[in-house]
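Please open the structure in your viewer and keep the selection panel at hand. The tour below goes from one selection to the next.

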Amino acid sequence: MNAEESVEMKAFRQLPIIKEAYLKYVISKEQKESAEKKANYYDILYQTFIKSRDDVLEDVYKSIENRFIEFYSFMHDEDEANFKTEFKHNKSSFEIDVDFYGRGMNPPHSLHSEGHQDSMGVCLFLALNEQLSIPFLNLIVLDDVIMSVDSQHRQKFCKLLNKYFKETQLVITTHDQVWANQISQNGVTIRKNSIKFID
């Protein structure tokens, strides 16, 4: 018959188990501290990126806002010479509100016609392109960008291109023969430089 194990002996047999648990605790604690340091570092890095991104975007928006207004007002000087807009960004998204004949600021699709929206779109593109691309690549490619714009404002668009982008290489594609004739007649393109593809 075995003698009952002493309290000391039971405690002695528990020591390796306690030691192993303690080592696991020490390793886990070190891993936690390391993870917290990395998380703090990556959080600082992320916040720095967000601030830099927002600063850059804000600078871009500010730099093109007045030019956008100038282009659009030029195209619609007969009724929107006092056109106003507000550029806003939330994180990486971009929002634009525009004035509708002094009746308040709203998104372009709220009150403006499809033709006016197309005019805004191409004016915004030109302002952005002028700021970001032309300093490096003096080229603009336009592919049927004003299909919803009426003939009068297409003429104004031609004048806009002649006034502001005279030194820029333009590549304009269209399947609309009337528009092709307009850009040629208004001196935006030279007929000898036009290429017509026939089915």
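**First stop: Ser73**

Begin by selecting Ser73, whose place is in helix α1; helices (H or I, at least four residues) and strands (E, at least two) are DSSP runs, numbered from the N terminus. Ser73 is buried, with a relative accessible area of 12%, where buried means under 20% relative accessible area, exposed over 50% and partly exposed in between, with a 1.4 Å probe and protein chains only. This is a predicted model, in which local features need pLDDT of at least 70 and side-chain atom pairs count only at pLDDT 80 or more, while totals for chains, interfaces and linings use all residues. Residues are numbered from 1 along each chain as its sequence is written, and side-chain values use heavy atoms, with hydrogens and water left out.

Now display what surrounds Ser73. A polar atom of its side chain lies 2.8 Å from the backbone oxygen of Ile69, a polar contact being a pair of N or O atoms within 3.5 Å, of which, within protein, one must be able to donate a hydrogen and the other to accept it, and residues adjacent in sequence count only if both atoms are side-chain atoms. Leaving aside neighbours within four places in sequence, Ser73 is in contact with Glu80, Ala81 and Phe83, contact meaning heavy atoms within 4.5 Å. Cys123 is 50 residues from Ser73 in sequence, and their C-alpha atoms are 9.6 Å apart in space.

**Colour by confidence**

Next, colour the chain by pLDDT, the predictor's confidence in each residue, from 0 to 100. The mean pLDDT of the protein chain is 88, and 96% of its residues reach 70 or more. Among the elements, strand β1 (residues 85-90) has the lowest mean pLDDT, 85, and helix α4 (residues 151-164) the highest, 93.

**The antiparallel sheet**

Select β1, β2 and β3, which form an open sheet in that order, with antiparallel pairing; two strands pair if DSSP finds at least two bridges between them. The edge strands, each pairing on one side only, are β1 and β3 (105-106). Between β1 and strand β2 (residues 93-99), which run antiparallel, there are six bridges, and the bridge partner of His89 in β2 is Phe94. Adding helix α1 (residues 7-75) to the selection shows that α1 lies across β1 and β2, running at about 165° to β1; axes are lines fitted to C-alpha atoms, for helices over the stretch in contact, and angles run from 0 to 180 degrees between N-to-C directions.

Follow the chain into the loop between β2 and β3, where Tyr101 is placed. Tyr101 has a positive phi of about 50° although it is not a glycine, and Tyr101 is partly exposed, with a relative accessible area of 36%.

**Helix α3**

Move on to α3 (114-132). Its 19 residues should span 27 Å at 1.5 Å a residue, and its end C-alpha atoms are 27 Å apart, which agrees; the expected span is 1.5 Å times one less than the number of residues. The buried residues of α3 include His116, Met120, Cys123 and Leu126, and the buried residues of this helix pack against α1, β2, α2 (108-111), β4 and α4.

**Helix α4 and Tyr164**

Select α4, in which His153, Phe157, Leu160 and Leu161 are among the buried residues. What covers the buried residues of α4 includes α1, α3, β4 (139-143), β5 (169-173) and α5 (177-185). At the start of α4, a side-chain oxygen of Asp150 reaches to within 3.1 Å of the backbone nitrogen of Gln152.

Which residues are in contact with Tyr164, leaving aside its neighbours within four places in sequence? They are Arg67, Glu70, Phe71 and Phe74, and with the side chain of Glu70 the side chain of Tyr164 makes a polar contact of 3.0 Å. Tyr164 lies in helix α4 and, at 17% relative accessibility, counts as buried.

**Last stop: β4 and β5**

Finally, select β4 and β5, which pair in the parallel sense over five bridges, with Leu139 opposite Gln169 in β5. Along β5, Leu170 and Ile172 point to one face and are buried, while Gln169, Val171 and Thr173 point to the other and are not.
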